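Visitor: I would like a close look at a single part of this model, the pairing of two neighbouring strands, and then a view of what surrounds that part. Please take it slowly and keep the argument connected.

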Amino acid sequence: MSSATKQVGSGIGGWVGHMVDAAAAIPGHYGNLLAKRRGRTIALTLLGLLALTYPLIYNQFLAGLSRNVFPLPVPDETTMTFMLIFGIMAIGLNIVVGFAGLLDLGYVAFYALGAYTAAFFASPHFGSISIVLFSNVVSGFPGIHLPFWMILPMAVLVAATFGALLGAPTLRLRGDYLAIVTLGFGEIVPVFFKNLAAITFTFTIGGVTLISLQDVNLTGGPLGINPIDPFVILGVGFGATSGVAAVYFAMALTIIGIIVARNLERSRMGRAWGAIREDETAAEMMGVNTVRTKLLAFALGASFAGVAGAFQASYLGATTSDFFQFSTSILVLIMVILGGIGNIWGVLAGAIVLVYIDKTLLIWLGQRIGSVAPDFPNPSQFNFLIFGILLVVMMRFRPEGFIPSRQRAAELSVHGLEEAETAMGVDVETDNVSVAPPGQAELDREAELPSDLDDL
Amino acid sequence: MVRGIIAFALFQVFGVVFFGAEQFFQTEVIGFSNGLIFALVALGYTLVYGIIELINFAHGDVFMLGSMLAFLLIGPIFAVTVDTPVLLKVGIILLVLGVTMIGTAALNVSIERVAYKPLRNAPKLAPLISAIGMSFVLQNVGLLLAGPGNKSIDNIFGTANILSVFGIEGVTINIQQVFVAIVTIPLLIVLSWFVSTTRQGKAMRATAQDPDTAGLMGVDVNRTIAITFLIAGALAGAAGVVQILYNNTTVWNLGFRFGLNSFTAAVLGGIGNLQGAVLGALVLGFINAFSDRFFSTNWTNALVFGILIAILVFKPTGLLGQQLADRA
């Protein structure tokens with residue numbers, strides 16, 4: 001990729017210039033690819049076109065067919081939108097897990113933060129005040145009503161801030177301890193959203209009451225916040241009832257996500273992530289600022305979930321803390337693993353396939369089976385049985401995923417590691433969550449590095 | 001040790017003054033019983049982590065399946081009630097304990113064979129993810145077998161207060177709580193004896209320290225790991241029986257929260273350290289009971305996770321653990 005090696009200018013202007021250059025280079029690249037790998041390029045082009053036109057095909061043709069002739073296991077608009085929402089999250093989690101090699105089991109927290117950002121700033125929830133800005137909501141209507149294009153950067157900011165907050169204390173941790181801390185964080189955040197519904201709190205210093213809260217309902221409690229303003233531009237809505245428009249909006253968000261993630265992967269930061277993933281100690285010795293690098297991985301990865309959460313909330317028009325369970329974190333992780341850890345296209349495909357299985361195929365199967373044998377367990381209730389088996393089987397037989405990144409495939413397969421070691425004649429640090437494999441652990445311990453980053 | 005005793009004594013004085021003696025001691029009784037059940041499960045986490053450095057995510061769900069099996073035996077199959085003759089009751093409980101422990105031990109060993117053993121040489125992410133997958137599989141097996149609702153049995157011990165024999169009425173210790181101690185404490189002693197004095201226990205400790213060297217010294221590492229899972233599974237099964245007889249209810253997703261509580265206990269005590277796991281479990285049982293009683297049940301989980309995060313971040317060796325400090 002010539003565009004990747006070119007010096008990128010600083011600031012937004014430089015970035016825009018870079019994007020324009022990259023866009024201008026696309027036809028040339030495409031011609032090259034068509035010449036070199038004809039079959040693959042044509043197949044991928046067709047796949048891309050299908051993805052772009054599928055919502056319309058469904059809307060014009062498949063939906064009616066499925067409704068009137070015979071039920072088909074085809075994804076509907078809601079499923080398509082959720083494919084893309086989870087696609088955005090999978091791309092974001094891939095930054096943390098795939099690029100930087102930090103196992104995050106609490107990713108759902110950032111999804112929740114994004115959703116509640118949208119809920120706080122675009123709903124009648126805070127009815128005692130009225131702030132209406134650039135919104136289609138009538139001025140003077142109770143609550144805060146900001147338009148979605150303002151919510152989105154706020155969600156990014158909130159999620160990224162909390163990502164960095166989570167990242168900060170976990171910098172010293174490695175491997176499975178890090179995984180558990182992130183899991184705990186992912187469990188705590190929804191608890192807060194669930195419980196902060198009746199806050200009574202007074203803070204007094206020297207007889208002067210500084211803060212006095214009486215039964216403040218911050219988060220709507222277990223019921224959540226409902227309704228949330230839909231996103232409307234020029235009379236076109238992007239909510240759950242607006243059909244194809246929302247799918248294309250989600251697609252636009254996903255494409256932006258892909259571009260951002262691809263550029264990050266190939267940036268200086270992306271190479272730093274690769275370095276700390278491969279061997280944190282060595283990376284630090286080479287001058288990589290591990291603190292900054294890890295914090296940025298957490299913050300940037302989290303911001304994707306923030307976008308997904310804000311969009312999900314405005315799409316559904318409601319949010320409750322029950323959406324944000326540990327199983328959602330794991331679902332996104334399975335998408336990343338199934339698709340191919342480290343590979344943006346792989347994880348996107350993983351998200352699409354898994355949401356398809358979860359929201360269309362199993363429900364369709366359940367209806368088919370239910371019409372024949374009503375007593376048979378409904379497969380859509382046992383989706384996580386299937387996903388659990390999938391995880392175990394994938395780890396056993398194909399840990400690198402179905403569309404792996406080449407580099408990660410070599411790292412993750414025991415075989416590939418041995419080959420790599422023999423070929424290079426060195427002991428390769430292969431550990432993706434930076435806990436050393438057998439043998440390497442002893443080396444690490446003996447190294448006795450002065451850095452306290454190594455203590456744990 | 002001395003510091004611990006002083007801290008505990010101060011806690012007692014503070015608690016009695018602050019909460020009032022009756023409420024304080026009652027909460028302590030509940031905390032102690034909870035803590036003993038946590039201890040059985042926490043030992044499973046700590047044994048496995050000690051030997052193969054794996055957070056056995058599925059362990060809480062093995063415990064859940066144990067409690068399901070015990071529910072099935074005590075409830076529908078033997079139909080034990082509070083009126084069952086005492087000798088028969090004891091016999092059935094022993095039988096249920098045996099069957100459940102064997103069942104969960106066999107289950108845990110099979111899980112190890114299927115999900116972890118093939119990944120022995122893979123990067124550490126792989127078995128952890130495999131364990132998470134296994135956890136979901138077991139949860140759904142529970143859901144498939146028992147359905148989505150709570151599964152409840154009758155309280156087979158009655159509600160008599162043991163302390164009323166001594167003329168104390170303000171604090172209640174019922175037979176269920178005594179039962180928890182009667183089952184749990186001997187198991188803890190047997191485990192401690194097994195690990196510290198038997199040949200197999202020595203092999204376990206050797207493997208925990210260094211599997212490669214232990215193998216060179218003639219320890220059958222695979223067999224030792226399998227036995228570790230066997231013991232962990234049996235303890236989880238016992239915990240399942242105790243929990244159904246103590247709380248009288250179980251549910252398919254019980255294992256997740258209970259497992260994380262127990263894991264927190266193991267980490268609090270110092271993961272890999274058996275005494276630490278028991279100590280951590282008791283502390284965590286107290287924290288749970290006091291939070292439920294004097295703070296809010298809604299926040300207990302957040303509190304437990306907050307503690308877990310705080311320990312992992314600030315004192316990852318836990319209260320007693322030093323041995324495995326460099327493992328994580």
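Guide: Two strands are said to pair if DSSP finds at least two bridges between them. The model is predicted, and within it strand S4 (residues 199-205) of chain A pairs with S5(A) in the antiparallel sense, over six bridges. One of the places to look is Thr204(A), whose bridge partner in S5(A) is Thr209(A). The two strands, S4(A) and S5(A), form a hairpin in which two residues lie between them, and in the turn Gly206(A) has a positive phi of about 55°.

A question of exposure follows: of the nine residues of strand S5 (residues 208-216) of chain A, how many are buried? The number is zero, and therefore S5(A) lies largely in the open. For the criterion behind that statement, a residue is buried if 20 or more other C-beta atoms lie within 10 Å of its own. As a background to the strand, 44% of the 456 residues of chain A count as buried.

The hairpin belongs to a chain with 17 helices and seven strands. Among those contacts in chain A that link residues at least 6 apart in sequence, 69% are between residues at least 24 apart.

From the hairpin we can turn to the side of chain A that touches its partner, where 43 residues of chain A are in contact with 34 residues of chain B. The elements of chain A that give two or more residues to this side are helix H7 (175-195), helix H12 (326-339) and helix H14 (383-397), and the largest share, 13 residues, comes from H7(A). By class, the residues on this side of chain A divide into 30 nonpolar, seven polar and six charged.

Chain B offers a helix pair to set beside the strand pair. Helix H2 (residues 21-52) of chain B packs with helix H3 (residues 59-77) of chain B at an angle of about 140°, and their axes are 10 Å apart; that angle makes H2(B) oblique to H3(B). The crossing of H2(B) and H3(B) is right-handed. On the H2(B) side Val41(B), Gly44(B) and Tyr45(B) take part, and they meet His59(B), Gly60(B) and Phe63(B) in H3(B). The contact of H2(B) with H3(B) has three nonpolar and three polar residues, with no charged ones.

Notes: Residues are numbered from 1 along each chain as its sequence is written. Chains are lettered from A and ligands numbered from 1 in the order in which they are written. This is a predicted model: local features need pLDDT of at least 70, side-chain atom pairs count only at pLDDT 80 or more; totals for chains, interfaces and linings use all residues. Two residues are in contact if their C-beta atoms, placed from the backbone, lie within 7 Å. Helices (H or I, at least four residues) and strands (E, at least two) are DSSP runs, numbered from the N terminus. Ala, Val, Leu, Ile, Met, Phe, Trp, Tyr, Cys and Pro count as nonpolar, Asp, Glu, Lys and Arg as charged, and the others, Gly among them, as polar. Axes are lines fitted to C-alpha atoms, for helices over the stretch in contact, and angles run from 0 to 180 degrees between N-to-C directions. Angles under 35 degrees count as roughly parallel, over 145 as roughly antiparallel, 65 to 115 as roughly perpendicular and the rest as oblique. A crossing is left-handed if the near helix is turned anticlockwise from the far one by less than a right angle, and right-handed if clockwise. A residue is buried if 20 or more other C-beta atoms lie within 10 Å of its own, exposed if 12 or fewer, and partly exposed in between; C-beta atoms are placed from the backbone.
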